[in-house]
Amino acid sequence: MLVEMRGKVDSRAPKKYEELEIGSEFPSVRYELTPSLISRFEEAVEASSYGGLVPPLAILACALKAASQSIDMPPGSVHASQEIEFLKAVSVGSTIDCHVRIIKKISRSGLRMVVIGLEALDRSRELVLSAAATVVSPAEVGVSAK
Amino acid sequence: MITSESEVPELHPGDALPGVIRHLNQEKINLYAEAVGDFNPIHVDEKFAARTAFGGTVAHGMLILAYVSEMMTQVFKERWFSGGKLSVRFKAPAHSADTVMVSGRVDSVKRENDNLNFTCRVDCHNQKREAVVTGEARVTVKLGE
């Protein structure tokens, strides 16, 4: 699994939609991007290795995993849109810290939308990725997808 | 197309990017779920997924975006890793038996000071030509690198 945890972990239960506050931030989650983990990611997405660098989408996957530990996204959630900015190449073997915050939440027509801000920093505290994921969930859990 | 790290992509508005085609199946979706630790049943539980509006399992949106990223990496190489931007909407799910065709086209190439800014339209369609993902990718290339 790409998202084996090393270091700080938020042990609190993920927050439900009703508990989320706009602007709130969650404890950072640290990931070590080991060669074996990245190799598995590259195999899964059918991507060729590139100069010992981590595929940018692998970093985003870590950030989304961090979000799922803080935010309760029910099985019926849909990933509706995604914005990503790749700011710095990361070498395989690096460690990154992922930060998650709530940008927006809207409840309308039986659907709940959350815009989640995601950032990943390397060990020198430089930003390597910034992203915003929009996730839509049915108010009644059970139908749809993430 | 760039042939080495030092070259700037010779792309012009209207140019097509080299497409990427991926044939999905449940095994590939399961592999991705294991790689990233996302076991949402809509992706991996066929019985659960059959009861949803989608009627069956669908691929992770991030798996489809990884295919888009692969296309951009082929063209812009390391520059995509440290100067790429992607803004997309998921228009429809990619089902477990779908073929995903990723395509891109250069919208504009603009020089700003020492940077060359590429803007590309990116799309993913399934085998029925239905849009799965639509959006825009931008890459900044620093001249003289």
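This passage describes one helix and three strands of chain B in a predicted model. Residues are numbered from 1 along each chain as its sequence is written, chains are lettered from A and ligands numbered from 1 in the order in which they are written. In this predicted model, local features need pLDDT of at least 70, side-chain atom pairs count only at pLDDT 80 or more, and totals for chains, interfaces and linings use all residues, while side-chain values use heavy atoms, with hydrogens and water left out.

Helices (H or I, at least four residues) and strands (E, at least two) are DSSP runs, numbered from the N terminus. Helix α4 of chain B covers residues 61-76. The expected span of a helix is 1.5 Å times one less than its number of residues; for the 16 residues of α4(B) this gives 22 Å, in agreement with the 22 Å between its end C-alpha atoms. Because 15 of its 16 residues are buried (under 20% relative accessible area, with exposed over 50% and partly exposed in between; 1.4 Å probe, protein chains only), α4(B) is largely enclosed by the rest of the structure. Lys77(B), just after α4(B), has a positive phi of about 50°.

Strand β4 of chain B (residues 115-125) is likewise largely enclosed by the rest of the structure, since nine of its eleven residues are buried. Two strands pair if DSSP finds at least two bridges between them. Strand β3(B) (residues 99-112) runs antiparallel to β4(B), joined by eleven bridges, and Gly104(B) has Val122(B) in β4(B) as its bridge partner. Two residues lie between the strands of this hairpin, in which Asn113(B) takes a positive phi near 55°.

β4(B) also pairs with strand β5(B) (residues 131-142), in the antiparallel sense, over eleven bridges. Thr134(B) in β5(B) stands opposite Asp123(B). The hairpin of β4(B) and β5(B) has five residues between the strands, and Arg129(B) in the turn has a positive phi of about 70°.
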